[in-house]
Amino acid sequence: MNVNFKDKIIAVIGLGYVGLPLSVEFGKKRKVIGFDINAKRISDLKKGIDHTLEVTSENLSKAKKLQFTNDFIEIKEANIFIVTVPTPIDKNKQPDLTFLLKASETIGKSLKPGDIVIYESTVYPGATEEDCVPVLEEYSGLKFNIDFFCGYSPERINPGDKDHPITAIRKVTSGSSPEAAEEIDQLYSSIITAGTYRAPSIKVAEAAKVIENTQRDLNIALVNELAIIFNRMNIDTQAVLEAAGTKWNFLPFRPGLVGGHCIGVDPYYLTYKAQQFGYLPEIILSGRRLNDGMAVHIASQMIKEMMKRNIQVSTSKILIMGITFKENCPDLRNTKVVDVIKELDDYGCKVDVYDPWVKTSEIKSELNFEFTQKLKPNFYDGVIIAVAHKEFFKLGIKKIRELGKTKHIVYDLKYVLKPNEADLKL
């Protein structure tokens with residue numbers, strides 16, 4: 001294989017939170033075809049608009065060699081294909097590889113001898129070679145590791161995190177042959193200033209990615225369980241964590257809802273594969289059950305406090321502040337705030353949602369919830385601060401209290417307020 005790849009054209013398949021920043025960085029140095037099936041997304045990007053807010057119009061304009069398309073015919077001239085499509089779970093919490101396999105089918109129709117296909121989407125160990133490669137072979141008529149090669153380089157984008165852009169995050173790389181591994185590593189080294197780490201195999205790279213978020217999930221599950229225990233003991237969880245945090249090796253995790261495209265999803269990919277090998281991963285699944293159950297706990301705590309204060313539950317009005325899966329970004333993927341809303345709705349509460357980071361149309365189309373664009377003073381029986389957006393820190397307890405009726409409850413899930421300012425907190 002020719003390792004001199006400077007003239008090779010890249011096609012990035014999927015232009016979301018991962019694919020777009022990657023396309024932009026490569027597009028500053030070489031020709032890149034950014035492909036997405038969403039025609040509106042392509043239209044917006046051509047105008048310099050990124051609704052995910054991951055890439056500014058100024059940075060987009062710097063990618064002089066980047067072009068956007070939703071026509072798969074245009075990717076045929078590419079020599080290197082990078083797949084950054086979603087890998088969600090289905091309603092039964094089983095891996096859903098639909099997008100990944102469709103992308104592989106599209107690439108297979110364009111694949112030529114000597115081409116390389118690199119997967120970045122999070123998967124279980126073995127998915128690249130066991131699930132994707134057969135599709136590539138079927139639609140291309142080519143032979144794996146003879147006519148074309150593959151690699152896996154897990155994405156590590158943290159949506160909304162401007163302190164850790166893609167170029168500043170060390171990249172794990174791997175290839176299906178020593179030559180492919182070398183070329184893939186050199187490719188990413190050309191844009192990643194933090195450096196690369198070459199894994200010994202594709203399966204190792206796949207496994208490394210899936211355990212990164214599994215580890216975070218379990219750590220959060222631990223502090224969520226601690227929060228439930230300390231709540232029953234009438235002990236301030238935040239105070240406990242701050243005290244314990246004075247030890248140098250205490251991990252600074254905080255309780256809360258666990259959603260998003262990674263942490264709340266990736267562990268199910270690992271447990272699915274583990275069960276295929278005859279092993280039931282009890283600790284990982286236990287952590288998942290606990291984190292998935294936090295919405296029920298939060299809603300229950302709110303309702304119990306309302307009943308203690310003689311606030312009528314069935315006619316109550318509750319404001320949810322923040323609906324994205326994390327702070328200071330518009331990402332709604334797998335947000336667990338939705339589960340809190342559904343639980344409160346089951347109790348008969350009328351719920352308003354306010355989030356300055358999300359457009360009204362997106363909430364209505366994706367989540368089908370009522371959305372308020374203007375905060376209403378003296379209107380709510382309860383206020384739940386569900387996401388730690390910077391705007392909510394700026395409001396402060398006085399402004400937040402003004403949203404409530406004479407008798408109301410403020411529940412701070414994210415430690416936005418100072419100690420003792422909220423009526424409830426995790």
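A salt bridge here is a side-chain nitrogen of Lys or Arg within 4 Å of a carboxyl oxygen of Asp or Glu. The model is predicted: local features need pLDDT of at least 70, side-chain atom pairs count only at pLDDT 80 or more, and totals for chains, interfaces and linings use all residues. Residues are numbered from 1 along each chain as its sequence is written, and side-chain values use heavy atoms, with hydrogens and water left out.

**Exercise 1. Find the salt-bridge partner of Lys 405 and state which strands the pair ties together.**

Step 1. Lys 405 bridges to Asp 381, with the closest N and O atoms 3.3 Å apart.

Step 2. Place both residues. Helices (H or I, at least four residues) and strands (E, at least two) are DSSP runs, numbered from the N terminus. Lys 405 lies in strand 12 (residues 404-412) and Asp 381 in strand 11 (residues 380-385), so the pair ties together parts that are 24 residues apart in sequence.

Step 3. Check exposure. Buried means under 20% relative accessible area, exposed over 50%, partly exposed in between (1.4 Å probe, protein chains only). Lys 405, at 30%, is partly exposed. Asp 381, at 8%, is buried.

Step 4. Turn to a network. Lys 93, Asp 217, Arg 288, Asp 292, Lys 336 and Asp 339 are joined into one by salt bridges that share partners.

**Exercise 2. Describe the salt bridges of Asp 50 and Glu 105.**

Step 1. Asp 50 meets Arg 41 at 2.8 Å, N to O. Both Asp 50 and Arg 41 are buried.

Step 2. Glu 105 meets Lys 109 at 3.6 Å, N to O. Lys 109 is partly exposed, at 40% relative accessible area.

Step 3. Give the total: 26 salt bridges.

**Exercise 3. Work out the order and pairing of the open sheet that holds strand 11 and strand 12.**

Step 1. Two strands pair if DSSP finds at least two bridges between them. The sheet has 5 strands, ordered 10-9-11-12-13, with parallel pairing.

Step 2. Strand 10 and strand 13 (424-425) are the edges, each pairing on one side only.

Step 3. Strand 11 and strand 12 pair in the parallel sense over 5 bridges. Val 383 stands opposite Val 410 of strand 12.

**Exercise 4. Show which face of helix 14 is buried, and what that face packs against.**

Step 1. Helix 14 (residues 390-401) has 12 residues and spans 17 Å from its first C-alpha to its last. That is close to the expected 16 Å, taken as 1.5 Å times one less than the number of residues.

Step 2. Its buried residues are Phe 392, Gly 396, Ile 397 and Ile 400. Seen down the axis, they fall within an arc of 150°, so they line one face of the helix. The arc is that of the directions from the helix axis to the C-beta atoms.

Step 3. On the other side, Lys 394 and Lys 398 are exposed.

Step 4. Contact means heavy atoms within 4.5 Å. The buried residues of helix 14 pack against strand 9 (317-321), strand 10 (350-354), strand 11 and strand 12.

**Exercise 5. List the buried residues of helix 10 and the helices they pack against.**

Step 1. In helix 10 (residues 282-292), the buried set is Ile 284, Leu 285, Gly 287, Arg 288, Leu 290, Asn 291 and Asp 292.

Step 2. The buried residues of helix 10 pack against helix 7 (202-232), helix 9 (266-276) and helix 11 (294-308).
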